[in-house]
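Trainee: I am new to this structure and would like to go through it step by step. Could we start with the terms and then move on to the particulars?

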Amino acid sequence: MSGIELYIHIPFCVKKCLYCDFLSGVFDEKMQRRYVAALCNEISFVGKKHRGQNVISIYIGGGTPSWLSEDLMDAIMTSVKESFSLDPLAEISVECNPGTLSSEKLNLYRSIGINRLSIGLQSANDDELKELGRIHNYNRFLHTYDLVRKAGFDNVNIDIMTGLPHQTIEKLDHTLKSITMLRPEHISAYSLIIEKGTPFYEKYRFDAVKQEAGMPTEVLPTDEESYRLYKYTMEFLESKGFKRYEISNYARPGKECRHNIGYWDRVPYLGLGLGSAGLYDNKRTSNTRDIYKYIEISEEIAKGNLPESELSSPYYESEEALSRNDAMSEFMFLGLRKIAGIRRSDFVQMFGIDIEAIYGPVITALRNQGLMDAAEGRLFLTDLGIDVSNQVLAQFLLD
Ligand code: SF4
């Protein structure tokens with residue numbers, strides 16, 4: 001399917017998790033309504049420039065989009081349908097958190113075309129959920145999952161995290177066994193990263209430094225333990241029929257997230273909403289991260305005034321035209337995140353030059369070290385290469 005993708009950001013959460021540095025916060029319903037009205041204005045404003053382009057996937061992320069009331073989600077989807085040409089087979093995902101869904105909401109989602117849900121569980125152990133500052137316990141998640149299935153959703157992702165404070169293989173095993181028993185279609189397993197500016201940073205920053213330096217830690221798993229947790233996750237999920245198709249993502253056959261694959265394949269996408277990033281016309285763009293400014297811009301546009309901006313959209317905070325080298329680097333380091341890797345012929349088609357002419361020496365060196373392999377016109381990282389993917393992918397950066 002060819003076309004463009006949409007990412008729509010909802011920056012609201014019931015409560016801020018202790019490790020989270022995403023662009024989200026706790027705002028009341030009045031603010032949520034103002035924001036969604038502004039978002040619908042942006043959708044309509046941007047849609048005018050992209051009429052006729054086939055939208056092949058939408059990802060409504062956050063934050064906690066499932067916290068929005070039914071009428072607000074309905075308004076967003078109505079705006080999208082009025083402003084863009086939506087492919088009848090488009091994948092439309094919404095990020096959800098346990099405790100923020102009801103049967104009524106889920107029925108509404110289905111009736112407006114939402115066909116994939118991603119649920120943030122993170123762990124099946126209540127002590128870990130408490131430590132992370134999540135709003136739910138495991139029973140609450142089970143209730144939400146049951147509602148989701150009863151409403152007829154047959155494409156569901158569960159997010160889990162590894163590398164948690166005090167996490168052992170036994171605890172991870174409990175989480176993995178619990179979720180695979182539920183037979184979701186997709187599982188994402190990301191490692192906890194201690195981000196600056198979060199309460200976790202204040203609490204664990206020294207441990208995080210020790211972890212990175214390969215030294216013994218106090219609460220966080222050591223570097224070696226983190227690796228064991230990551231390997232255990234992979235082997236466990238593969239033994240249960242989940243195929244790893246990207247470094248941190250697993251799916252049953254045919255249930256890979258099309259939106260994310262598009263991201264790694266550099267399919268053009270538009271970012272809508274606060275702080276949203278986009279890739280279009282070989283430019284990386286980013287909307288303003290200031291919610292009051294975002295609303296003000298939309299309100300001005302709705303009144304018929306176009307706010308002045310040096311950038312090509314008044315919503316943008318930044319806009320960067322990619323050089324040919326930037327685009328080639330991205331093609332490699334995003335594409336090689338996929339287990340299937342990249343196609344040599346795609347590189348030629350995109351850049352009009354053979355991949356060996358640009359990356360020949362790097363590819364040869366990585367293949368000699370057993371970090372990369374080739375087959376059927378593809379280049380991909382080996383298991384060993386994936387284990388050290390950060391170092392390997394960095395070698396594809398061009399000046
Ligand atoms: S629910 Fe997600 S976005 Fe919201 S605070 Fe927690 S981790 Fe961050």
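Mentor: Helices and strands here are DSSP runs, a helix having at least four residues and a strand at least two, and they are numbered from the N terminus. Please also keep in mind that this is a predicted model.

Trainee: Between which two elements does the loop that holds Gly 63 lie?

Mentor: Gly 63 is worth placing with care, since the peptide bond that leads to it from Gly 62 is cis, with omega near 15°, whereas most peptide bonds are trans. Gly 63 is also one of the residues that surround the ligand. The loop that holds Gly 63 runs between β2 (54-62) and α2 (70-83).

Trainee: How many residues of the shell around the ligand are charged?

Mentor: The ligand is surrounded by residues that include Cys 13, Cys 17, Tyr 19, Thr 64 and Asn 97, and also Lys 15, Lys 16 and Arg 134. When the shell is divided by type, five residues are nonpolar and four are polar, while the number of charged residues is three.

Trainee: Which three residues supply 52% of the area that domain 1 buries against domain 2?

Mentor: The protein chain is divided into domain 1 (4-264) and domain 2 (324-394), and their centres, taken over C-alpha atoms, are separated by 28 Å. The contact takes ten residues from domain 1 and nine from domain 2, and about 990 Å² is buried between the two domains, of which carbon and sulfur atoms give 55%. On the side of domain 1, the three residues that supply 52%, more than any other three, are Arg 244, Ile 247 and Trp 264.

Trainee: Which residues lie nearest the centre of the second largest pocket?

Mentor: This pocket has a volume of about 430 Å³, and its lining draws at least three residues from each of domain 1 and domain 2. Among the elements that each supply at least two lining residues are α9 (258-264) and α12 (344-351), and the lining divides into nine nonpolar, two polar and eight charged residues. Of the 19 residues that line the second largest pocket, those nearest its centre are Ile 261, Asp 265, Lys 338, Asp 346 and Arg 378.

Definitions and conventions: Residues are numbered from 1 along each chain as its sequence is written. This is a predicted model: local features need pLDDT of at least 70, side-chain atom pairs count only at pLDDT 80 or more; totals for chains, interfaces and linings use all residues. Side-chain values use heavy atoms; hydrogens and water are left out. On a 1 Å grid over the protein atoms alone, a cavity is a set of points where a 1.4 Å probe fits but cannot get out, and a pocket is an open set with protein on both sides within 12 Å along at least five of seven lines; lining residues have an atom within 4 Å of a point. Grid points are joined across faces, edges and corners, and a volume is the space filled by probe spheres set on the points. Ala, Val, Leu, Ile, Met, Phe, Trp, Tyr, Cys and Pro count as nonpolar, Asp, Glu, Lys and Arg as charged, and the others, Gly among them, as polar. Domain bounds come from an automatic or database domain assignment. A residue is near a molecule or strand if one of its heavy atoms lies within 4 Å of it. Contact means heavy atoms within 4.5 Å. Buried area is the accessible area (1.4 Å probe) that two parts lose on being put together, summed over both.
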